[in-house]
Amino acid sequence: MANGAWRWRALGQLTLLRFREFIREPEALFWGLAFPVLLATGLGIAFRNQPAASVHVAAVTPELAAALRQNHQLVVDQMSSDAALAALRAGTVALVAEPATGGEGVVYRYDDTNPDGRTARMLVDRAVQRAAGRRDPVAAADDVSRAPGARYIDFLIPGLVGMGIMGNAIWGLGFSIVDTRRRKLMKRIVATPMPRWTYLSSFLLWRMLLLGVEVGVPVIFGAVAFGVPVRGSIVQLAIICILGSLAMSALGLLIASRARTIEGVSGVMNLIMMPMWILSGVFFSSQRFPDAVQPIIRILPLTALVDAVRANMLQATSLAHLGPQLAALVGCLVICFSAAMAMFRWR
């Protein structure tokens, strides 16, 4: 009994050590807690709901300019053909409209790979056709919806939650373990009567204690500052985040299992995390990537975590309907933790 109590006391002291190491590092506090809030603020303001921006175009003749000015979404400059083409090449206008050779019809000059150019083409052609007398055979009206849940900031906050869980878990475990090994403290720890599982469990317990802060800060900030909804169960959201943190911690443990230098572990961390930041739907939908790579994207742990958090917060999806995402996280946890235990270097 006394021996068991000693082990639990050792676990508590090691967890307290992890916590002290964290709060004594201003960089860790900034990147782990303040940075997600600053990022959400900047992107939330940049992509906030606002009326559609006007598109800048050029018209070569007064008649075309007058027709285009009937559309209030167009900012129209009348200029000569050479000046208009120069403005198009410089990017100051998205499209140039000029009469076709012979005077029959209109030619639109624009870059079809530029979204503004494609938008300008649609708006300009609509204005030209209506000025020529076209009437739509079917009457249409716009019913614009800007309800919370469909905005970019609503999409972003769950992504930042997942990114924060991954970054804090991998960086927190990886750097701490490698630094202990580099300073040759690991072999001293192994020489004590303390079981090895106690040392590794202190990292997981510390991650669980910190999880409420690193998830709660961006979620509460998003709800208060931008009205981001949390439509699902808070308890189920907590379960998703705990499972995600365990999976990411296991991945961090695997990365640090044999690394000996801070430079070495930093390179491996960036090599693993950077593709997931890009592919896993943190800042934009992963559906933008080709179908051929979608099966790979689906099994990435960050993809599973972000998709599950987003489904819970925005669609109130229950755990029963998040089987693939939860299975991916459990698979990452089991595989990475097992591999880390087999490969872990104590000296």
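This tour goes from a sheet and its helices to a pair of packed helices, and then to two loop residues. The structure is a predicted model, and the residue numbers used below run from 1 along the chain as its sequence is written.

**The sheet**

Begin by selecting the 4 strands that form an open sheet, which follow one another in the order S2-S1-S3-S4 with mixed pairing. Strand S2 (74–78) and strand S4 (106–110) stand at the edges, and because each has a single partner strand, one side of each is left without a neighbour in the sheet. Looking across the strands, you should find a twist that averages 25° from one strand to the next.

Now narrow the selection to strand S3, residues 95–99, together with S4: the two pair in the antiparallel sense over 5 bridges. Within this pair, Pro99 stands opposite Val106 in S4.

**Helices on the sheet**

Add helix H4, residues 81–90, which packs on the sheet and touches strand S1 (55–59), S3 and S4, with a direction at about 160° to that of S3. Then add helix H5, residues 115–131, which also packs on the sheet, where H5 touches S1, S2, S3 and S4, and its direction makes about 165° with that of S4.

**Two helices side by side**

Next, select helix H6, residues 152–182, and helix H10, whose axes come within 10 Å of each other and cross at roughly 165°. With angles over 145 degrees counted as roughly antiparallel, H6 is therefore roughly antiparallel to H10. The crossing in which H6 passes H10 is right-handed.

To see where they meet, show the side chains of H6 that include Met163, Ile170, Trp171, Phe175 and Arg182, and on the H10 side residues including Ile262, Val265, Met269, Met273 and Trp277. Sorted by class, the contact of H6 with H10 has 12 nonpolar, 3 polar and 2 charged residues.

**Two loop residues**

From H10 (262–279), move along the chain into the loop that leads to helix H11 (294–299), and select Ser286 there. Is Ser286 buried or exposed? Ser286 counts as buried, because its relative accessibility is 5%, and buried means under 20%. Leaving aside neighbours within four places in sequence, Ser286 is in contact with Leu279, Ser280, Gly281, Gln294, Ile297 and Arg298.

Finish at Ala316, in the loop between helix H12 (301–315) and helix H13 (323–343). Most residues other than glycine have a negative phi, yet Ala316, which is not a glycine, has a positive phi of about 55°. Ala316 counts as partly exposed because its relative accessibility is 40%.

Note on methods: This is a predicted model: local features need pLDDT of at least 70, side-chain atom pairs count only at pLDDT 80 or more; totals for chains, interfaces and linings use all residues. Side-chain values use heavy atoms; hydrogens and water are left out. Buried means under 20% relative accessible area, exposed over 50%, partly exposed in between (1.4 Å probe, protein chains only). Contact means heavy atoms within 4.5 Å. Two strands pair if DSSP finds at least two bridges between them. Axes are lines fitted to C-alpha atoms, for helices over the stretch in contact, and angles run from 0 to 180 degrees between N-to-C directions. Angles under 35 degrees count as roughly parallel, over 145 as roughly antiparallel, 65 to 115 as roughly perpendicular and the rest as oblique. A crossing is left-handed if the near helix is turned anticlockwise from the far one by less than a right angle, and right-handed if clockwise. Ala, Val, Leu, Ile, Met, Phe, Trp, Tyr, Cys and Pro count as nonpolar, Asp, Glu, Lys and Arg as charged, and the others, Gly among them, as polar.
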